[in-house]
Amino acid sequence: MRMKNYDLELTNLITEIKLKKQTPTLLLQSCCAPCSTTALSRLSEVFKITVYYYNPCLYPDSEFEKRKNEQVKLVSILNEKLKNKIELIVPQHNEQAFLEIAKGLENQPEGGGRCYKCYTQRLENTAKQAKLHNFDYFGTTLSVSPYKHADWLNEIGYKMQAEYGVNFLPADFKKQNGYLFSINESKRLGLYRQDYCGCRFSLYSKNENKNN
């Protein structure tokens, strides 16, 4: 079966918005500063963006804070040059919310059913907030990573669009060398780049592999 080209969908949408000379609002869920470099670079001239740092999966609390601080740093740097200033929302961290949806899936490998539920939790909450605060679009930076399933993310996003009545922003940010851009920008700006996905189970897996 032929996969959908979500990068082309985004390109066409951006072209359409530019032709209409509009600046729609976008609530963009971000997992971390390095991943958001690519999305913000591509979208900041087209949308009025609010970065939504919603990641209940992150463990430990110190990791949540470290990634949050880097997100604040990146937004501050970008806002020195941007006409459409980026805003940032950081909900209170609540790992218990993630542990509840991960129950029974703790031993699944990375990229399995636990990750699908994690994507769903983050995108659904983003869609809810976008609806509540009258955003034109909602989306996520997660697809920049080669370890994240862009098909899953977009499938979930469109499902939430239908459920909450807010436009989903399709994307596969790893395309057009998006992942490489995120690596190079992180180095250029001195951003912390984590070496595990973020949840306690990915950290345990990383440590086990290191010790074997």
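**Cavities, cores and strand pairing**

In this predicted model, a search of the whole structure finds two cavities of 30 Å³ or more. The largest cavity holds about 60 Å³ of space, and its lining is formed by C57, F98, R114, C115, C118, Y119, R122, K148, C197 and C199. Helix α5 supplies the largest share of this lining, namely five residues. When the lining of the largest cavity is sorted by class, seven residues are nonpolar and three are charged, while no polar residue is found. The second largest cavity has a volume of about 40 Å³ and is lined by T140, S143, L153, N154, F168, L169 and A171. In this second lining, four residues are nonpolar and three are polar, and no charged residue takes part.

The largest nonpolar core comprises 45 residues, of which L26, L43, F47, I49, F138 and L169 touch the most other members. Two or more residues are given to this core by each of the elements α1 (6-20), β1 (25-29), α2 (33-43), β2 (48-52), α3 (61-79), α5 (113-132), β4 (137-140) and α6 (150-164). Apart from the largest core lies another one, made up of ten residues that include Y53, L58, C118 and F201; of these, C118 also belongs to the lining of the largest cavity. In soluble globular proteins, nonpolar side chains tend to be buried together. The surroundings of I49 illustrate the largest core in detail: when neighbours within four places in sequence are left aside, I49 is in contact with L26, L28, L40, L43, S44, K85, I86 and E87. Among these contacts, L26 and L43 are themselves listed with I49 as residues that touch the most other core members.

Strand β4 is covered on both faces, with Y137 and G139 buried on one side and F138 and T140 buried on the other. In a regular strand the side chains alternate between the two faces of the sheet. Strand β4 runs parallel to β1, to which it is joined by four bridges, and in this pairing F138 of β4 stands opposite L27. Strand β4 also runs parallel to β5 (residues 167-168), the two being joined by two bridges, and the bridge partner of Y137 in β5 is N167. Within β4, F138 is one of the residues that touch the most other members of the largest core, whereas T140 contributes to the lining of the second largest cavity. Residue F168, which lies in β5, is likewise part of the lining of the second largest cavity, and L169 appears both in that lining and among the core residues that touch the most other members.

Notes: Residues numbered from 1 in each chain as written. Predicted model: local features only at pLDDT ≥ 70, side-chain atom pairs only at ≥ 80, totals over all residues. Heavy atoms only, no water. Core = buried A, V, L, I, M, F, W, Y, C linked by side-chain atoms within 4.5 Å. Buried < 20%, exposed > 50% of the residue type's maximum accessible area, 1.4 Å probe, protein only. Contact = heavy atoms within 4.5 Å. Pairing = 2+ DSSP bridges. 1 Å grid on protein atoms, 1.4 Å probe; cavity = no way out; pocket = protein on both sides within 12 Å on 5 of 7 lines; lining within 4 Å. Points joined across faces, edges and corners; volume = space filled by probe spheres on them. Nonpolar A, V, L, I, M, F, W, Y, C, P; charged D, E, K, R; others polar.
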